[in-house]
Amino acid sequence: MRLFILTALMLLAACDDVAETGEDADLLITGGVVIHPDRKTAPRIEDIVIANGKIIAAGPDLDDRYNAKKIYDAQGRYIIPGLADMHSHFGNGILASGEDDTTEVLGRHLFFGNTTILNLGSSQAWPDRIDDLRARMNAGELSGPRLLAVGSLMTMTGSHPTTTIYSAELQDKIAEIVAQAPEDGPIDLAPLRATTLVDTPDDVRTEVARVAAWGADAIKLTVESGPSKFGDNHPQMTPAMIAAAVEMAAPYESPVLCHISSLDELEACLTGGAAGVVHVVTPEEGELPDDLEQRMVDEGFIVIPTAAMFEGWAKYADNMDLLSEPPLDAVLSESERGWLSAPVMKEMFGSTPEWNATLDRVRTHLKKFNDLGGVIIAGTDTGNPYRFAGYALHEEIAFYVSAGLSEREALATATTNAARLVGEEGEWGAIKPGLVADLVVLEKNPLDDIANTLSIIEVVRNGRIVDRTSLPLN
Ligand SMILES: [Zn+2]
(Lines give C-alpha, C1' and ligand atoms only; values in the text may rest on other atoms or scores of the structure.)
Protein backbone atom coordinates (compact mmCIF):
# COMPACT_ATOMS: atom_id res chain seq x y z
CA MET A 1 0.00 0.00 0.00
CA ARG A 2 2.74 2.40 0.92
CA LEU A 3 4.47 1.55 -2.35
CA PHE A 4 1.27 2.26 -4.27
CA ILE A 5 0.87 5.66 -2.59
CA LEU A 6 4.47 6.44 -3.26
CA THR A 7 4.10 5.51 -6.93
CA ALA A 8 0.92 7.53 -7.20
CA LEU A 9 2.65 10.51 -5.62
CA MET A 10 5.57 10.10 -7.99
CA LEU A 11 3.16 10.01 -10.92
CA LEU A 12 1.44 13.15 -9.66
CA ALA A 13 4.81 14.79 -9.21
CA ALA A 14 5.72 13.71 -12.72
CA CYS A 15 2.53 15.31 -14.05
CA ASP A 16 3.27 18.49 -12.11
CA ASP A 17 6.75 18.35 -13.49
CA VAL A 18 5.55 18.43 -17.07
CA ALA A 19 3.31 21.41 -16.38
CA GLU A 20 5.98 23.33 -14.51
CA THR A 21 8.83 22.71 -16.85
CA GLY A 22 6.80 23.17 -20.05
CA GLU A 23 8.55 25.81 -22.07
CA ASP A 24 7.60 29.38 -21.19
CA ALA A 25 5.92 31.53 -23.79
CA ASP A 26 4.59 35.08 -23.89
CA LEU A 27 1.54 34.49 -26.05
CA LEU A 28 -0.32 31.40 -27.16
CA ILE A 29 -2.85 31.79 -29.95
CA THR A 30 -5.07 28.74 -29.87
CA GLY A 31 -7.56 27.08 -32.18
CA GLY A 32 -7.42 29.38 -35.20
CA VAL A 33 -7.37 28.23 -38.81
CA VAL A 34 -3.83 29.10 -39.93
CA ILE A 35 -3.38 30.07 -43.56
CA HIS A 36 0.10 29.62 -45.02
CA PRO A 37 0.42 31.51 -48.32
CA ASP A 38 3.74 29.72 -48.89
CA ARG A 39 2.16 26.23 -48.81
CA LYS A 40 -0.26 24.55 -51.15
CA THR A 41 -1.64 22.31 -48.38
CA ALA A 42 -5.11 23.02 -47.05
CA PRO A 43 -5.24 25.24 -43.97
CA ARG A 44 -5.85 23.52 -40.65
CA ILE A 45 -6.41 24.42 -37.03
CA GLU A 46 -3.10 25.20 -35.36
CA ASP A 47 -1.79 26.76 -32.18
CA ILE A 48 0.87 29.45 -32.49
CA VAL A 49 3.36 29.84 -29.64
CA ILE A 50 5.22 33.13 -29.29
CA ALA A 51 8.15 34.13 -27.09
CA ASN A 52 10.37 37.22 -27.22
CA GLY A 53 8.56 38.47 -30.31
CA LYS A 54 9.15 35.30 -32.31
CA ILE A 55 7.14 32.25 -33.23
CA ILE A 56 8.69 29.33 -31.34
CA ALA A 57 6.19 26.68 -32.44
CA ALA A 58 3.19 26.34 -34.71
CA GLY A 59 1.07 23.24 -35.27
CA PRO A 60 -1.93 21.27 -34.07
CA ASP A 61 -2.53 20.69 -30.34
CA LEU A 62 0.41 22.52 -28.85
CA ASP A 63 -1.61 24.39 -26.27
CA ASP A 64 -0.90 22.17 -23.23
CA ARG A 65 2.83 21.93 -23.91
CA TYR A 66 3.61 25.54 -23.06
CA ASN A 67 3.24 27.90 -20.12
CA ALA A 68 2.01 31.04 -21.77
CA LYS A 69 1.62 34.34 -19.94
CA LYS A 70 -1.29 35.18 -22.18
CA ILE A 71 -3.68 32.99 -24.14
CA TYR A 72 -5.67 34.30 -27.09
CA ASP A 73 -8.55 32.09 -28.16
CA ALA A 74 -8.79 32.25 -31.96
CA GLN A 75 -11.42 29.54 -32.40
CA GLY A 76 -13.52 30.15 -35.49
CA ARG A 77 -11.03 32.73 -36.75
CA TYR A 78 -8.43 32.79 -39.50
CA ILE A 79 -4.77 33.73 -39.14
CA ILE A 80 -2.50 34.99 -41.91
CA PRO A 81 1.06 36.34 -41.78
CA GLY A 82 1.30 40.12 -41.37
CA LEU A 83 1.11 41.82 -44.76
CA ALA A 84 3.85 43.80 -46.52
CA ASP A 85 3.48 46.84 -48.79
CA MET A 86 6.65 46.91 -50.87
CA HIS A 87 6.01 50.21 -52.63
CA SER A 88 5.12 52.94 -50.22
CA HIS A 89 5.89 56.53 -49.37
CA PHE A 90 5.11 58.75 -46.41
CA GLY A 91 5.66 62.26 -45.20
CA ASN A 92 4.39 64.21 -48.20
CA GLY A 93 1.44 65.67 -46.33
CA ILE A 94 -1.23 63.89 -48.33
CA LEU A 95 -3.40 63.63 -45.20
CA ALA A 96 -3.26 67.35 -44.53
CA SER A 97 -1.63 69.25 -47.33
CA GLY A 98 1.82 70.62 -46.54
CA GLU A 99 2.30 68.77 -43.28
CA ASP A 100 4.42 65.75 -42.47
CA ASP A 101 2.02 62.82 -42.12
CA THR A 102 4.57 60.09 -41.32
CA THR A 103 3.12 59.15 -37.92
CA GLU A 104 -0.41 58.75 -39.27
CA VAL A 105 0.70 56.82 -42.35
CA LEU A 106 2.64 54.37 -40.18
CA GLY A 107 -0.37 54.07 -37.85
CA ARG A 108 -2.73 53.33 -40.73
CA HIS A 109 -0.46 50.63 -42.14
CA LEU A 110 -0.51 48.80 -38.83
CA PHE A 111 -4.25 49.36 -38.36
CA PHE A 112 -4.88 47.53 -41.64
CA GLY A 113 -2.50 44.65 -40.88
CA ASN A 114 0.57 45.83 -42.78
CA THR A 115 3.42 44.79 -40.52
CA THR A 116 6.14 45.61 -43.08
CA ILE A 117 6.56 48.45 -45.56
CA LEU A 118 9.28 49.31 -48.03
CA ASN A 119 9.64 53.07 -48.40
CA LEU A 120 10.86 53.97 -51.87
CA GLY A 121 12.11 57.48 -51.09
CA SER A 122 11.02 60.99 -52.06
CA SER A 123 9.65 62.53 -48.84
CA GLN A 124 10.84 62.34 -45.22
CA ALA A 125 12.84 59.14 -45.80
CA TRP A 126 16.54 59.99 -46.02
CA PRO A 127 18.88 57.75 -43.97
CA ASP A 128 19.03 59.86 -40.76
CA ARG A 129 15.27 60.25 -40.75
CA ILE A 130 14.71 56.50 -41.23
CA ASP A 131 17.23 55.77 -38.44
CA ASP A 132 15.32 58.14 -36.16
CA LEU A 133 11.93 56.58 -36.97
CA ARG A 134 13.30 53.09 -36.35
CA ALA A 135 14.84 54.16 -33.03
CA ARG A 136 11.53 55.68 -31.92
CA MET A 137 9.69 52.50 -32.87
CA ASN A 138 12.21 50.33 -31.00
CA ALA A 139 11.81 52.56 -27.95
CA GLY A 140 8.02 52.15 -28.10
CA GLU A 141 7.46 55.87 -28.75
CA LEU A 142 6.04 55.32 -32.21
CA SER A 143 3.80 52.58 -33.59
CA GLY A 144 4.29 51.24 -37.05
CA PRO A 145 5.29 48.39 -39.31
CA ARG A 146 8.80 47.04 -39.86
CA LEU A 147 10.34 49.89 -41.79
CA LEU A 148 12.41 48.99 -44.84
CA ALA A 149 13.78 51.83 -46.93
CA VAL A 150 15.90 52.78 -49.92
CA GLY A 151 17.29 55.90 -48.19
CA SER A 152 16.95 58.06 -51.31
CA LEU A 153 15.43 57.60 -54.73
CA MET A 154 17.79 58.25 -57.63
CA THR A 155 16.67 60.13 -60.68
CA MET A 156 18.32 62.16 -63.42
CA THR A 157 18.42 65.94 -63.21
CA GLY A 158 15.27 67.25 -64.85
CA SER A 159 13.38 63.97 -64.64
CA HIS A 160 10.45 62.48 -62.69
CA PRO A 161 9.43 63.23 -59.96
CA THR A 162 11.45 66.43 -59.49
CA THR A 163 10.15 68.20 -62.62
CA THR A 164 6.73 66.54 -62.81
CA ILE A 165 4.70 65.89 -59.67
CA TYR A 166 6.66 68.15 -57.27
CA SER A 167 5.07 71.55 -56.59
CA ALA A 168 6.25 74.60 -58.53
CA GLU A 169 7.78 76.00 -55.33
CA LEU A 170 9.74 72.79 -54.72
CA GLN A 171 10.89 72.68 -58.35
CA ASP A 172 12.26 76.22 -57.99
CA LYS A 173 14.17 75.28 -54.83
CA ILE A 174 15.66 72.24 -56.57
CA ALA A 175 16.68 74.33 -59.60
CA GLU A 176 18.54 76.63 -57.20
CA ILE A 177 20.34 73.70 -55.55
CA VAL A 178 21.32 72.32 -58.96
CA ALA A 179 22.62 75.71 -60.11
CA GLN A 180 24.91 75.89 -57.07
CA ALA A 181 26.08 72.26 -57.09
CA PRO A 182 29.49 71.13 -58.45
CA GLU A 183 29.37 69.92 -62.04
CA ASP A 184 30.21 66.31 -61.19
CA GLY A 185 28.82 63.95 -58.60
CA PRO A 186 25.36 63.13 -57.27
CA ILE A 187 23.21 65.91 -55.79
CA ASP A 188 21.50 64.79 -52.58
CA LEU A 189 18.32 66.84 -52.09
CA ALA A 190 17.81 65.84 -48.43
CA PRO A 191 16.35 67.21 -46.24
CA LEU A 192 14.21 68.84 -48.91
CA ARG A 193 13.42 65.39 -50.30
CA ALA A 194 14.87 61.86 -49.96
CA THR A 195 15.85 62.11 -53.61
CA THR A 196 19.26 62.23 -55.31
CA LEU A 197 20.04 63.55 -58.76
CA VAL A 198 22.43 61.33 -60.76
CA ASP A 199 23.47 61.89 -64.36
CA THR A 200 26.26 59.42 -65.13
CA PRO A 201 27.20 55.82 -64.22
CA ASP A 202 29.84 57.30 -61.87
CA ASP A 203 27.21 59.40 -60.09
CA VAL A 204 25.15 56.24 -59.66
CA ARG A 205 28.15 54.34 -58.25
CA THR A 206 28.85 57.04 -55.70
CA GLU A 207 25.26 57.30 -54.56
CA VAL A 208 24.60 53.54 -54.43
CA ALA A 209 27.78 53.11 -52.37
CA ARG A 210 26.49 55.74 -49.93
CA VAL A 211 23.01 54.31 -49.37
CA ALA A 212 24.11 50.67 -49.54
CA ALA A 213 26.80 51.27 -46.90
CA TRP A 214 24.11 52.89 -44.73
CA GLY A 215 22.01 49.74 -45.07
CA ALA A 216 19.50 50.41 -47.85
CA ASP A 217 17.08 47.48 -48.10
CA ALA A 218 16.78 48.13 -51.85
CA ILE A 219 18.02 50.62 -54.43
CA LYS A 220 15.42 52.73 -56.23
CA LEU A 221 16.10 54.11 -59.69
CA THR A 222 13.66 56.30 -61.57
CA VAL A 223 14.13 55.17 -65.17
CA GLU A 224 11.68 57.48 -66.79
CA SER A 225 11.21 59.74 -69.80
CA GLY A 226 7.59 60.53 -68.89
CA PRO A 227 5.30 59.70 -67.20
CA SER A 228 2.88 60.10 -70.06
CA LYS A 229 0.72 63.05 -69.13
CA PHE A 230 3.82 65.06 -68.18
CA GLY A 231 5.27 64.50 -71.68
CA ASP A 232 7.80 61.99 -72.95
CA ASN A 233 10.74 64.38 -72.94
CA HIS A 234 12.49 63.88 -69.59
CA PRO A 235 16.03 62.47 -69.36
CA GLN A 236 15.84 58.67 -69.20
CA MET A 237 18.37 56.60 -67.27
CA THR A 238 20.53 54.40 -69.52
CA PRO A 239 21.17 50.64 -69.16
CA ALA A 240 24.80 51.59 -68.28
CA MET A 241 23.56 53.61 -65.29
CA ILE A 242 21.29 50.74 -64.21
CA ALA A 243 24.17 48.27 -64.59
CA ALA A 244 26.38 50.54 -62.46
CA ALA A 245 23.77 50.43 -59.68
CA VAL A 246 23.48 46.65 -59.94
CA GLU A 247 27.26 46.22 -59.77
CA MET A 248 27.64 48.48 -56.71
CA ALA A 249 24.64 47.03 -54.86
CA ALA A 250 25.63 43.38 -55.42
CA PRO A 251 28.02 43.01 -52.45
CA TYR A 252 25.29 44.38 -50.18
CA GLU A 253 22.66 42.02 -51.68
CA SER A 254 20.45 45.04 -52.14
CA PRO A 255 17.96 44.55 -55.02
CA VAL A 256 17.85 47.32 -57.63
CA LEU A 257 14.25 48.35 -58.35
CA CYS A 258 13.23 50.55 -61.26
CA HIS A 259 10.35 52.98 -61.54
CA ILE A 260 9.15 52.80 -65.15
CA SER A 261 6.09 53.73 -67.18
CA SER A 262 6.79 52.31 -70.63
CA LEU A 263 7.98 49.15 -72.39
CA ASP A 264 11.30 50.63 -73.57
CA GLU A 265 12.08 51.53 -69.96
CA LEU A 266 11.22 47.97 -68.93
CA GLU A 267 13.69 46.65 -71.51
CA ALA A 268 16.38 49.06 -70.29
CA CYS A 269 15.94 47.67 -66.74
CA LEU A 270 16.14 44.08 -67.97
CA THR A 271 19.26 44.86 -69.99
CA GLY A 272 20.82 46.69 -67.05
CA GLY A 273 20.29 43.65 -64.82
CA ALA A 274 17.85 45.19 -62.33
CA ALA A 275 15.94 42.96 -59.90
CA GLY A 276 12.59 44.25 -61.10
CA VAL A 277 10.18 47.11 -61.60
CA VAL A 278 7.91 48.97 -59.19
CA HIS A 279 5.06 49.63 -61.66
CA VAL A 280 3.44 47.31 -64.17
CA VAL A 281 3.52 48.43 -67.81
CA THR A 282 1.73 47.19 -70.92
CA PRO A 283 1.82 48.25 -74.57
CA GLU A 284 -0.66 50.93 -75.66
CA GLU A 285 -2.41 48.25 -77.66
CA GLY A 286 -2.34 44.48 -77.50
CA GLU A 287 -0.39 42.36 -75.10
CA LEU A 288 3.21 42.22 -73.94
CA PRO A 289 5.34 40.27 -76.45
CA ASP A 290 5.59 36.61 -75.36
CA ASP A 291 9.39 36.63 -75.58
CA LEU A 292 9.62 39.67 -73.33
CA GLU A 293 7.40 38.07 -70.67
CA GLN A 294 9.41 34.85 -70.91
CA ARG A 295 12.68 36.79 -70.62
CA MET A 296 11.40 38.50 -67.45
CA VAL A 297 10.56 35.12 -65.95
CA ASP A 298 13.84 33.50 -67.03
CA GLU A 299 15.85 36.30 -65.44
CA GLY A 300 13.87 36.15 -62.18
CA PHE A 301 12.72 39.71 -62.80
CA ILE A 302 10.05 40.71 -60.29
CA VAL A 303 7.06 43.00 -60.81
CA ILE A 304 5.56 45.23 -58.13
CA PRO A 305 2.48 46.24 -60.12
CA THR A 306 0.79 49.04 -58.08
CA ALA A 307 -2.13 48.02 -60.31
CA ALA A 308 -4.86 49.02 -57.87
CA MET A 309 -3.44 52.56 -57.97
CA PHE A 310 -4.23 52.76 -61.67
CA GLU A 311 -7.65 51.28 -61.01
CA GLY A 312 -8.22 53.39 -57.87
CA TRP A 313 -7.61 56.74 -59.55
CA ALA A 314 -10.60 56.12 -61.81
CA LYS A 315 -12.69 54.26 -59.24
CA TYR A 316 -12.63 57.03 -56.63
CA ALA A 317 -12.70 59.95 -59.07
CA ASP A 318 -15.81 58.40 -60.66
CA ASN A 319 -17.52 57.74 -57.34
CA MET A 320 -16.37 59.99 -54.53
CA ASP A 321 -19.08 58.60 -52.24
CA LEU A 322 -16.70 55.66 -51.71
CA LEU A 323 -14.65 57.99 -49.49
CA SER A 324 -17.52 58.01 -46.99
CA GLU A 325 -18.04 54.25 -46.91
CA PRO A 326 -16.49 51.78 -44.45
CA PRO A 327 -13.70 51.34 -43.67
CA LEU A 328 -12.45 54.63 -45.15
CA ASP A 329 -15.15 56.68 -43.40
CA ALA A 330 -13.50 55.88 -40.07
CA VAL A 331 -9.92 56.74 -41.03
CA LEU A 332 -9.92 59.68 -43.47
CA SER A 333 -9.42 63.21 -42.17
CA GLU A 334 -11.81 65.96 -43.27
CA SER A 335 -9.09 67.83 -45.18
CA GLU A 336 -8.12 64.65 -46.98
CA ARG A 337 -11.70 63.87 -47.94
CA GLY A 338 -12.02 67.49 -49.05
CA TRP A 339 -9.19 67.61 -51.56
CA LEU A 340 -9.84 64.08 -52.80
CA SER A 341 -13.45 65.09 -53.57
CA ALA A 342 -12.55 68.28 -55.45
CA PRO A 343 -14.10 68.52 -58.96
CA VAL A 344 -10.63 68.82 -60.50
CA MET A 345 -9.88 65.24 -59.37
CA LYS A 346 -12.70 63.94 -61.55
CA GLU A 347 -11.23 65.77 -64.55
CA MET A 348 -7.73 64.46 -63.86
CA PHE A 349 -8.46 60.88 -62.92
CA GLY A 350 -11.99 59.91 -64.03
CA SER A 351 -12.27 56.72 -66.07
CA THR A 352 -12.28 56.55 -69.86
CA PRO A 353 -12.80 53.54 -72.15
CA GLU A 354 -9.06 53.64 -72.95
CA TRP A 355 -8.17 53.54 -69.27
CA ASN A 356 -10.47 50.58 -68.65
CA ALA A 357 -8.88 48.78 -71.61
CA THR A 358 -5.44 49.43 -70.08
CA LEU A 359 -6.57 47.85 -66.81
CA ASP A 360 -7.76 44.79 -68.72
CA ARG A 361 -4.34 44.53 -70.41
CA VAL A 362 -2.69 44.76 -66.99
CA ARG A 363 -4.86 41.86 -65.74
CA THR A 364 -4.01 39.74 -68.77
CA HIS A 365 -0.29 40.40 -68.35
CA LEU A 366 -0.23 39.69 -64.60
CA LYS A 367 -2.12 36.43 -65.00
CA LYS A 368 0.17 35.25 -67.79
CA PHE A 369 3.34 36.36 -65.99
CA ASN A 370 2.17 34.53 -62.86
CA ASP A 371 1.30 31.36 -64.80
CA LEU A 372 4.73 31.36 -66.46
CA GLY A 373 6.29 31.37 -62.98
CA GLY A 374 6.97 35.10 -62.67
CA VAL A 375 7.07 36.62 -59.19
CA ILE A 376 4.58 39.36 -58.36
CA ILE A 377 5.09 41.38 -55.19
CA ALA A 378 2.39 43.60 -53.71
CA GLY A 379 3.00 47.33 -53.56
CA THR A 380 0.60 50.26 -53.53
CA ASP A 381 2.47 53.54 -54.11
CA THR A 382 0.78 54.89 -50.99
CA GLY A 383 1.41 58.63 -50.92
CA ASN A 384 -0.41 59.08 -54.22
CA PRO A 385 -4.04 60.21 -54.51
CA TYR A 386 -6.55 57.57 -53.37
CA ARG A 387 -3.77 55.24 -52.20
CA PHE A 388 -4.82 55.07 -48.58
CA ALA A 389 -2.02 53.72 -46.40
CA GLY A 390 -2.80 50.21 -45.23
CA TYR A 391 -6.17 49.92 -46.94
CA ALA A 392 -4.63 50.24 -50.41
CA LEU A 393 -2.74 46.96 -49.96
CA HIS A 394 -6.03 45.08 -49.60
CA GLU A 395 -7.22 46.63 -52.87
CA GLU A 396 -3.94 45.70 -54.51
CA ILE A 397 -4.07 42.00 -53.66
CA ALA A 398 -7.77 41.91 -54.57
CA PHE A 399 -6.76 43.26 -58.01
CA TYR A 400 -4.48 40.24 -58.49
CA VAL A 401 -7.42 37.93 -57.77
CA SER A 402 -9.49 39.88 -60.29
CA ALA A 403 -6.66 39.18 -62.77
CA GLY A 404 -6.96 35.43 -62.14
CA LEU A 405 -4.46 34.65 -59.38
CA SER A 406 -5.75 32.39 -56.63
CA GLU A 407 -6.44 33.90 -53.22
CA ARG A 408 -3.43 32.02 -51.83
CA GLU A 409 -1.16 33.31 -54.59
CA ALA A 410 -2.41 36.84 -53.97
CA LEU A 411 -1.62 36.51 -50.24
CA ALA A 412 1.88 35.27 -51.13
CA THR A 413 2.57 38.49 -53.07
CA ALA A 414 2.26 40.43 -49.78
CA THR A 415 4.01 37.91 -47.51
CA THR A 416 6.58 35.32 -48.63
CA ASN A 417 7.34 36.91 -52.01
CA ALA A 418 7.90 40.27 -50.31
CA ALA A 419 10.29 38.88 -47.70
CA ARG A 420 12.25 36.98 -50.35
CA LEU A 421 12.83 40.16 -52.38
CA VAL A 422 14.90 41.64 -49.57
CA GLY A 423 16.47 38.31 -48.52
CA GLU A 424 14.52 38.22 -45.25
CA GLU A 425 12.44 35.06 -45.75
CA GLY A 426 14.21 33.66 -42.68
CA GLU A 427 12.94 36.58 -40.58
CA TRP A 428 9.35 37.36 -41.51
CA GLY A 429 6.59 36.75 -44.06
CA ALA A 430 5.38 33.30 -42.97
CA ILE A 431 4.03 31.50 -39.92
CA LYS A 432 6.76 29.13 -38.79
CA PRO A 433 9.19 28.74 -35.90
CA GLY A 434 12.08 31.18 -35.83
CA LEU A 435 10.27 33.97 -37.65
CA VAL A 436 9.08 37.23 -36.11
CA ALA A 437 5.48 36.92 -34.90
CA ASP A 438 3.76 39.37 -37.24
CA LEU A 439 0.20 38.13 -37.77
CA VAL A 440 -3.30 39.22 -38.66
CA VAL A 441 -6.35 37.54 -37.09
CA LEU A 442 -9.39 37.64 -39.37
CA GLU A 443 -13.07 37.01 -38.76
CA LYS A 444 -13.64 35.49 -42.21
CA ASN A 445 -11.68 33.24 -44.52
CA PRO A 446 -9.66 35.17 -47.16
CA LEU A 447 -9.38 31.99 -49.26
CA ASP A 448 -13.18 32.12 -49.74
CA ASP A 449 -13.16 35.78 -50.72
CA ILE A 450 -10.03 37.94 -50.81
CA ALA A 451 -12.06 40.91 -49.52
CA ASN A 452 -12.10 39.05 -46.19
CA THR A 453 -8.53 40.23 -45.56
CA LEU A 454 -10.31 43.35 -44.33
CA SER A 455 -12.29 41.48 -41.64
CA ILE A 456 -9.47 42.27 -39.22
CA ILE A 457 -9.96 41.42 -35.55
CA GLU A 458 -6.39 41.72 -34.29
CA VAL A 459 -2.98 42.66 -35.59
CA VAL A 460 0.06 41.09 -33.94
CA ARG A 461 3.36 42.91 -34.43
CA ASN A 462 6.61 41.59 -32.94
CA GLY A 463 4.62 39.10 -30.87
CA ARG A 464 2.33 41.67 -29.28
CA ILE A 465 -1.33 42.30 -29.93
CA VAL A 466 -1.56 45.87 -31.24
CA ASP A 467 -4.05 48.22 -29.59
CA ARG A 468 -5.63 49.30 -32.86
CA THR A 469 -7.92 51.80 -31.12
CA SER A 470 -4.96 53.89 -29.96
CA LEU A 471 -3.14 54.18 -33.30
CA PRO A 472 -2.89 57.66 -34.83
CA LEU A 473 -4.85 57.48 -38.11
CA ASN A 474 -5.44 61.08 -39.20
ZN1 LIG B 1 6.26 55.43 -55.81
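Colleague: Let's start at the end of the chain: which residue in β18 is the bridge partner of Arg461?

Modeller: That's Arg464. Before we go on, this is a predicted model, where local features need pLDDT of at least 70, side-chain atom pairs count only at pLDDT 80 or more, and totals for chains, interfaces and linings use all residues. Residues are numbered from 1 along each chain as its sequence is written.

Colleague: What makes β18 a strand?

Modeller: Strands are DSSP runs of E with at least two residues, and helices are runs of H or I with at least four, numbered from the N terminus. β18 covers residues 464-465, so this run meets the strand cut-off.

Colleague: And how do you know that β17 and β18 pair?

Modeller: Two strands pair if DSSP finds at least two bridges between them. Here 2 bridges join β17 (residues 456-461) to β18, and the two run antiparallel, so the pairing counts. They form a hairpin with 2 residues between them, and Asn462 in the turn has a positive phi of about 55°.

Colleague: Which strand does β16 pair with?

Modeller: β16 (residues 439-442) is joined to β17 by 4 bridges, again antiparallel. Val440, for one, has Val459 in β17 as its bridge partner.

Colleague: Why is the sheet β6-β7-β8 called parallel?

Modeller: Because of how its strands pair: this open sheet of 3 strands has parallel pairing. The edge strands are β6 (83-88) and β8 (146-149), each pairing on one side only. Neighbouring strands are turned by 20° against each other on average, direction ignored; the axes are lines fitted to C-alpha atoms (for helices, over the stretch in contact), and angles run from 0 to 180 degrees between N-to-C directions. β6 pairs with β7 (residues 114-119) over 4 bridges, and Asp85 has Ile117 as its partner in β7.

Colleague: What are the bounds of the two domains?

Modeller: Domain 1 is 1-82 + 429-466 and domain 2 is 83-426; such bounds come from an automatic or database domain assignment. Their C-alpha centres lie 35 Å apart.

Colleague: How do you know that the domains touch?

Modeller: Residues are in contact if their C-beta atoms, placed from the backbone, lie within 7 Å. By that rule, 20 residues of domain 1 are in contact with 22 of domain 2, so the two do touch. On the domain 1 side, β5 (78-81) and β17 each supply at least two residues, and β17 gives the largest share, 3 residues.
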